[in-house]
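Got your viewer open? Load the model, switch to cartoon view, and follow along one selection at a time.

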Amino acid sequence: MTGYSNGSPRAGIVGAAIVPHAPQFLTLPETEDKAQVARVNTAMREIGDKFRALDPDLVIVISNAHCDDFVVRCVPAFALHCGTRAEGTGGHSGWWPIDGSAGYALVEELLGQGFDPAFTLDAQLGTAFTIPLEFCGYARETAFLPVFVNAYVPPQPSPERCFAFGQALTRAIERLGRRAVVLASGGLSHYPGTPLYPHPDIATDRLIFERLKAGNLRYLLSLDAQALDRSGNVECRSLQILAGMIGDRPPQSALLEPSWHHIYAVIGWTELALAKAEPPHYPATAPERSGLAGAIFRLIDNPDARAAFARDRASYAARFELAADEAAALVALDREALRERFAINPMLLYQLEQRVSSA
């Protein structure tokens, strides 16, 4: 899949996190709870330390454009920074190094996958990009790749498109042989000072947080443009991209800190081992078990076959080219062997037992 365990040389996403980026983290006004900011900083720093231990060669920050560079002349759904540096803003003014070569390479890969992301060489970096780096303990000299998503200027990309973009981005990273950590930077519901959002929607945010904490990232796909707008969660689009990048999986750390302006959520996936696929309850019939499945279905479908089976089970099984252990399981109607060993569909076994018992 998309993630790999610690120490693995394989390419892909080796670490991921959802982090807040409230500007109050830098300005620390009197309205801000300093102890709360410290807790958020500690949680993010721990994630950053674990990211660095994974020895990635690419750091990606996905965040929303805040109606700055992308608002009037051109408003792309997604944009990658391909410059060598970008100018920061606010408390993070000055130049920040950019991994533009990775940006160009990923744009080319994404074009090949049917996505048409924009790219920029000189867009500024809001603190939504730089606060996550500082709070996660990255030195300012660390080159990284900013990925912009249009969250504030309708029409924004749908959750399905964000998810698909995340999937495509991961495939592109893997094809390039890069090992990346990803910070999805976006606050949950927040109060932007308008009557539309009189206060953060803590009930919705708690639900989102609990779903993500349980590893159900696909829940984010249920949040369409209206739901995001109504609850003040337009910035969840960066989270929807991350969901596409790593899929459903429980995190190793999770912290929810409600505040007066933003709801701060810090969720980290720092052990992205290959996800083990759970065996389906209704498995596919393996090609080598097609004869056994056929013999069972004939009993379900044909009254004469059931009569023959009732007279002499072994003779009935001998009509088919079955392995000795398959024939033995059929003759004994050994449900455990048929289900667990030969992966016969349980619906087929249920019908078999119903028909044979009534014959």
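A quick term before we start: two strands count as paired if DSSP finds at least two bridges between them. Helices (H or I, at least four residues) and strands (E, at least two) are DSSP runs, numbered from the N terminus. What you see is a predicted model, where local features need pLDDT of at least 70 and side-chain atom pairs count only at pLDDT 80 or more, while totals for chains, interfaces and linings use all residues. Residues are numbered from 1 along each chain as its sequence is written, and side-chain values use heavy atoms, with hydrogens and water left out.

**Stop 1: the sheet.** Select the strands of the open sheet, 8 in number, and trace the order β6-β3-β7-β2-β8-β1-β10-β9; the pairing is mixed. At the edges you'll find β6 (118-120) and β9 (253-258), each with a single partner strand, so one side of each has no neighbour in the sheet. From one strand to the next, the twist averages 20° (axes are lines fitted to C-alpha atoms, for helices over the stretch in contact, and angles run from 0 to 180 degrees between N-to-C directions).

**Stop 2: strand β3.** Now pick residues 78-81. This is β3, and it pairs with β7 (residues 145-149) in the antiparallel sense over 3 bridges. Look across and you'll see A79 opposite F148, and L80 opposite V147. Towards β6, there are 3 bridges again, but here the strands run parallel; H81 stands opposite T120. Are the faces of β3 covered or open? Both are covered. F78 and L80 on one side, and A79 and H81 on the other, are all buried (under 20% relative accessible area; exposed is over 50%, partly exposed in between, with a 1.4 Å probe and protein chains only).

**Stop 3: helices on the sheet.** Select residues 34-53 for α2, which lies across β1 (12-19), β8 (179-185), β9 and β10 (263-269), running at about 20° to β10. Then add α6 (residues 202-213): it packs on the sheet and touches β1, β9 and β10, contact meaning heavy atoms within 4.5 Å. The direction of α6 makes about 175° with that of β9.

**Stop 4: a hairpin.** Jump to β4 (residues 85-88) and β5 (residues 94-97), antiparallel strands joined by 4 bridges. E87 stands opposite W95. In the turn between them, 5 residues long, G90 has a positive phi of about 55°.

**Stop 5: helix α5.** Finish with residues 159-176. Its buried residues include F163, F165, L169 and I173. Right after α5 comes G177, with a positive phi near 75°.
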